[in-house]
Structures are given as structure tokens and as C-alpha cells.
Amino acid sequence: MGTTRRIHALDGIRGVAALVVVFYHLTLVAQPFIDPVSWAWLTQSPLKILTIGTESVLVFFVLSGLVVALPTLRDGFSWLAYYPHRLLRLYLPVIASLVLAAVLIAVFPRDPAAVAEGSWLRDAQASEVSLGRFLLEGSLYPASYDINNVLWSLRWEVIFSLALPAFVGLALALRKHGVALAAACCGLTVLGRVLQIDALVYLPVFMLGTVMALNLERILEWSARVQRPWLWPALAALAGLLMIASQLAQPLFGAESLGNELLWGLAGIGAAIVILLGIAWPRLRAKLESRPIQWLGRISFSLYLVHAPILGTLGFLFGDGFWWAVGPVGVPLSLAVAALFHRWVESPTQRLSRFVGRGVARAAAPARPRTTEQPERSSRERQYT
């Protein structure tokens, strides 16, 4: 049940989305020093697609809904192995990223007076680390984080991972009504944004990915039948528009208006279309499967975890006088550290989490009765032994 083919283009999407989040945080470093007109061009025009932050995280959520749910549909899947594997896979790199952030804060002290008041550096970056705060953020329990402020999204990854049986069960129960379920998820995420209920914003986005997992073969078959080449660019334009619609409309509605909240709620739908295109659009898949993009996808989780502490450290180290140097130094440095983090932290924890998961599953499996007599094997069985 379910496809066994790995879609490498999805790794590419993850890599591009992680890099866009890095660019987003660079704009937050620069925001206090950019004049209002230039800021409006950067954030309220189509250029915004290059620096979307939370919207890119929604792409991660759809991806998780797909790739985490997909193995559950295959024969031999073990829930006993899944839980320790998945939780270690998330928590160990998170804790390592907090250690990295704490070390950077200790080695390069942060003086709030060195950065602009009300800036991302002052409001979202810790200037000191206590043991209590370290353990709290490491638990992924709080709603906000300042030692490593990207961890807010990992909190929702953990919630989804724990509730995965409910997501898969609901998707299977409504498998014949997948389109209706996806439409309901789209409506719920918009409603959640309007009502300011985070769970209603984010969890339906995970479900969109889960619905895709159950219908992956159908999506692939449908894409092979598409005879209208213009459909793919049109869907790409629609996805981009949905993801930045609220920013484009801010001059019309205002940042805090109901209209703006409704438009922001459409970002999750745009994120789902991005994943659909990564699966189904042959030309996009080819670009996403290129070696540089695949390398970026391979280190994407590590890049996501390490870049904010690095950019924050550089922002305080350079101060407001050299804010412009954070990007030229911070982006290549973040990529280099992410490659090392992937090599020495993420990859070993992946192997460890798989080993522990298999070990738990074996330990919990009922012991097979041992017999003293073995049945006579057939000549065919002896031939292939």
C-alpha cells in the first residue's frame, strides 16, 4: 500500500524553503535601517516571495504530513519503532542546536544596547541563557523561543508526530472523500488565522500533506495524463500569490484587518500547491533534483536549526553600525556550519534513532516459540538456501 518511490524533488523543496527562511531573518536584521519605501517594495511586492518566513514553514508542515505519514501505509510498518525513532530524530538535533546557541551566547556576549530597540535582534534573541530556560526550550513545550527562535515550528512537528495515528486514521476513513477532506482543511486553516487559534492554523496544513500521502499514486498518474503544459506555470503563479497575498494587500486592508487575516490564511493552501508541483511538474522536478539543490535539501534541517543563532550572534557582534555585513558573512557561514552539523550531529542521530526504534520494536515483539524438530525442506527451498 502506497508508493515505494522516493521523490527527490521534495528534498529540493525543503532545501529552498530553508534558505528562504534564512533570507527572511536577514530582512528582520535589516528592517530598522531600511526606509519605509524600500521596505514596502521588499515586503509588499512580488519580491516578498524570496523572503517568506512563516509561509515557508508551512511548506515544511505539508512535507512532514506527506513524508511522515507515507511509511505508515506500507506493509511491515511498526508503530513501536516509529515513536522512539521520530522523537529522537527531532529532539536530539534540537538539543544540539540549543547547545550551539548557548555556546555562541557565552563566547560572544550580547549587549542589547548594541542593536536597535524593537528589532528582531533585541526582541527575539536571548542575551543570556539560564539552565531553566535551556531545559524549557529543549522540551519544545513553550509557544515562543529566544535561545533559538525557530524552534516554535518544531513544537508543532512534535504535536503532529505524536498525533500521527489520528491523522492517518482520519485520512483513511475518509479516503473516498479526499477532495472534501482537503477542502475542509483549507477552510479550517483560514478560519484558524481569523480566530487566532494556532492549532487550527497549523494542524490542517499537516493533514493536507497526509491526504497527499494517501493519494500519491493517483497524483503521479494524474500528472502523467496532463496535456496542458500551461497548467503548471499557472499553478505555480497561484501558489506564489496565495503565499504572499496578505503582504500584497496590506496597503489596501492594513496589517491587522480581517481581510488581511483571511488572505494570510490562504498561505497554507499555497504551500500545499508547492508540494503538489514538486511531485507532479516534470520541469520543476528536474530543477529540484539538480545536485546543488539536492545538497541544500540534504542539509536543510540543519540549516534551519543553526542559522538563527549564527545571524543573531553576528548581529550583536557587528552592532548597528555594520548591520549590512550580517548577510554576506552569515549566509555562507550558516551553510558551512549546517554542513558540519549535518555531518556530525544530524546524520549520527538519524542512525541512532533508527537503531533505537528497531530495538524497541524487537524488544516488544512476542517471542517466537522454539521447536526441536524442523520440517523437511523441499528441494526448491534447499536450492535457494
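Buried means under 20% relative accessible area, and E261, with a relative accessible area of 10%, therefore counts as buried in this predicted model.

**View 1. A salt bridge joins E261 and R193**. The closest N and O atoms of E261 and R193 are 2.7 Å apart. The pair links distant parts of the chain, since E261 belongs to helix α14 (residues 258–265) and R193 to helix α9 (residues 178–195), and the two residues are 68 residues apart. While E261 is buried, R193 is partly exposed, with a relative accessible area of 23%.

**View 2. E346 and R89 form a salt bridge in which both residues are buried**. The closest N and O atoms of this pair are 3.0 Å apart. E346 lies in helix α19 (residues 326–364) and R89 in helix α4, so the salt bridge ties together parts that are 257 residues apart in sequence. Side chains of opposite charge can pair when their charged atoms come close.

**View 3. Further salt bridges include the pair of E289 and R285 and a linked network**. In the pair formed by E289 and R285, the closest N and O atoms are 3.9 Å apart. E289 is partly exposed, with a relative accessible area of 35%, and R285 likewise counts as partly exposed, at 24% relative accessibility. Elsewhere in the model, R133, E137 and D146 are linked in a network of salt bridges. The structure as a whole holds 7 salt bridges.

**View 4. The largest nonpolar core has 105 residues**. The residues with the most contacts inside this core are F61, L151, L154, I275 and I279. Helix α1 (residues 8–30) gives the most to the core, with 12 residues. Around L151, leaving aside residues up to four places away in sequence, the residues touched are V94, S97, L98, E137, L140, Y145 and L305; one of these, E137, also takes part in the salt-bridge network with R133 and D146.

**View 5. I219 is buried in helix α11 (residues 216–225)**. The relative accessible area of I219 is 12%, and this residue therefore counts as buried. When residues up to four places away in sequence are not counted, I219 touches M212, L276, I279 and A280. I219 and I279 are 60 residues apart in sequence, and their C-alpha atoms are 7.8 Å apart in space. I279 is also among the residues with the most contacts inside the largest nonpolar core.

**View 6. A nonpolar patch lies on the surface**. The patch is formed by I95, V99, V103, V107, F108 and L317, which together have about 480 Å² of accessible area. Helix α4 (residues 79–107) gives the most to the patch, with 4 residues, whereas L317 lies in helix α18 (residues 300–318). Helix α4 is also the element that holds R89, the partner of E346 in View 2.

**View 7. Confidence varies along the predicted chain, with helix α20 and helix α7 at its two ends**. The mean pLDDT of the protein is 92, and 94% of its residues reach 70 or more. Among the elements of the protein, helix α7 (residues 151–162) has the highest mean pLDDT, at 98, and helix α20 (residues 379–383) the lowest, at 37. Over residues 374–385 pLDDT stays under 50, and for this stretch the model has 3 contacts beyond four places in sequence. Where pLDDT is low, the predicted coordinates should not be read in detail.

Key:
Residues are numbered from 1 along each chain as its sequence is written. This is a predicted model: local features need pLDDT of at least 70, side-chain atom pairs count only at pLDDT 80 or more; totals for chains, interfaces and linings use all residues. Side-chain values use heavy atoms; hydrogens and water are left out. Patches are made of residues with over 30% relative accessible area and no salt bridge: like charges are joined within 9 Å, nonpolar side chains (Val, Leu, Ile, Met, Phe, Trp, Tyr) within 5 Å. Accessible areas come from the Shrake-Rupley method with a 1.4 Å probe; for residues, only the protein chains shown count as cover. A salt bridge is a side-chain nitrogen of Lys or Arg within 4 Å of a carboxyl oxygen of Asp or Glu. A nonpolar core is a set of buried Ala, Val, Leu, Ile, Met, Phe, Trp, Tyr and Cys residues joined through side-chain atoms within 4.5 Å. Buried means under 20% relative accessible area, exposed over 50%, partly exposed in between (1.4 Å probe, protein chains only). Contact means heavy atoms within 4.5 Å. pLDDT is the predictor's confidence in each residue, from 0 to 100.
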